[in-house]
Amino acid sequence: MVSRRSFREHHARGDRRQFLKAATGAAVAVALPRIVPCSVFGASAPSNRINVGLIGCGHQSQRIVPSFLVHDDMQMLAVCDVNRRGDGYYHPDQVLGRETAREWVDQHYAQKTPSGSFKGCAAYADFRELLDRPDVDAVAIVVPDHWHALIAIAAMQAGKDVYCEKPLALTIYEGREMVKAARKCQRVFQTGAQFRSSPAVRRACELVRNGRLGEIRRVYSWVDPNSFESPGLGWQPQPVPDGFDYEFWLGPAPAAPFHRERCFFRWRYILDYSNGQTANFGAHSNDIVQWALGTEHTTPVEFEDNGSEFLPAGSLFTAASRTAFRARYANGIELLCETRSSSGAKFEGTDGRLEITLGGRLATFPENLKDSVIGPDEVHLPVSNPAHTTHVRNDVDADHVRNFLDAVKSRQDPIEPVESGHRTASLCILGNLAQILKRKFAWDPAAERSDDEEVNRLLRRDMRAPWKL
Ligand SMILES: NC(=O)c1ccc[n+]([C@@H]2O[C@H](COP(=O)([O-])OP(=O)(O)OC[C@H]3O[C@@H](n4cnc5c(N)ncnc54)[C@H](O)[C@@H]3O)[C@@H](O)[C@H]2O)c1
């Protein structure tokens, strides 16, 4: 049952409606060009155009696809999903999968084409076929977290630049392997934690970095609660829907009987595929903390459970139903990460306090601190899209993608490079381990090892054959 709908999820539904509206107005395609005419791209010369493939056509693709398509210097050539087309995602009536995404893309270009028809976007069930295409320059990886590392590393080895959804990886080992692959293959890598591209978040981080709160003593990061209740004890396996390749969906994860609420959207509440809301929303709120504190190349050095809760053994959802962990940075700053009605972060310093939500609400105490001007010689954080050329419904997402496309062209690091995404994900993963083990442990961010051997064993997970890293 839906218990609440978050700000972000609400917006995603709006995107879908736009798509459906576009799709119902579609003219019947007669001539079916595969290459979009140059006129569609305005001033963008074909040589400047970035060809993109989308891997994962579920809930979040409803935000990612329009955030790419708004940019005229890219073309979405192909989409991929192990689900042909089916319902049961966040909203029961949502019909998503590769055929739906393919229609969105074709419809987008059809509307811009003089003939009003276009059917040039390919749809694949196997990401390896998409990666085999030499004309694909970059991929957007929008699959559940247990697949991020395998697909991202295969993509980089195939020479593609990568936009990969947050949280970067399922384990510390996988995240570190992604960092190594990006360096070795010299690929541009953007972590899809789009709030780095939010002007309000940047402003909040600049105020903290430039000492407007004095010396920071304590930081809070908040994560949303689960949006759905778990099927309880005694839940029964269900038949696999037509067109959904469940074996492929499981991939490297342990074999398990099919249940709708295991796969579509709800996988984020199950430890085999994720680190729960601790990492799902923590990848945003803890990323703000890391950016504000300037700790993007490290993590806290100590983690401890702080009263997290889990559902009874036998429930389908196995990740913490209430996040609560405490961490400590090497300089003594304390971080308290916990479940709250909506995600964000709060910073407490010797001279003031600051609160920022993912929705962009910035509050300070004293209030006038908010208006403080950052001087030319102070720290200015990067701006994703200085020209602000993306006037779409959700500018933060589109600006984050713009930043990626610009980096693909300039070959410079984007606003959230792989190492930074890895460190934020590590913070969340380690917090989750503290919650699972219910004890305190020390962490060496340079060696990426703990003083607790059980923690060290959990830094990597076995992959089910034939998948391996
Ligand atoms: N940045 C954000 O604000 C934000 C918001 C929501 C989700 N996300 C992230 O997006 C990713 C996807 O989440 P979602 O909510 O869309 O999940 P989802 O379950 O709704 O969709 C995932 C899709 O990936 C497909 N898939 C699974 N394995 C695949 C594979 N090997 N190859 C191709 N397709 C595969 C599934 O069939 C499904 O259609 C996650 O990493 C999640 O954390 C980010």
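This passage describes salt bridges in a predicted model. The structure holds 37 salt bridges, and three of the pairs are set out below, one within a helix and two between distant parts of the chain.

The side chains of K180 and E177 form a salt bridge with an N to O distance of 2.9 Å. Both residues belong to helix α6, which covers residues 172-185. They are three residues apart, or about one turn of the helix. K180 has a relative accessible area of 45% and is therefore partly exposed, since this value lies between the limits of 20% and 50%.

A salt bridge also joins the side chains of K438 and D305, at 3.3 Å from N to O. This pair links distant parts of the chain, with the two positions 133 residues apart in numbering. K438 lies in the loop between α13 (418-437) and β14 (441-444), whereas D305 lies in strand β8 (residues 302-305). The relative accessible area of K438 is 41%, which makes this residue partly exposed. D305, at 16%, is buried because its value is under 20%.

In the pair R423 and E448, the side chains meet in a salt bridge of 3.4 Å, N to O. Distant parts of the chain are again linked: R423 is in helix α13, and E448 is in the loop between β14 and β15 (449-450), 25 residues apart. R423 has a relative accessibility of 6% and counts as buried. E448 is likewise buried, with a relative accessible area of 9%. Both residues belong to a network in which salt bridges with shared partners join R176, R183, E419, R423 and E448.

How values were computed:
Residues numbered from 1 in each chain as written. Predicted model: local features only at pLDDT ≥ 70, side-chain atom pairs only at ≥ 80, totals over all residues. Heavy atoms only, no water. Salt bridge = Lys/Arg side-chain N within 4 Å of Asp/Glu carboxyl O. Helix = DSSP H or I, 4+ residues; strand = E, 2+ residues; numbered from the N terminus. Buried < 20%, exposed > 50% of the residue type's maximum accessible area, 1.4 Å probe, protein only.
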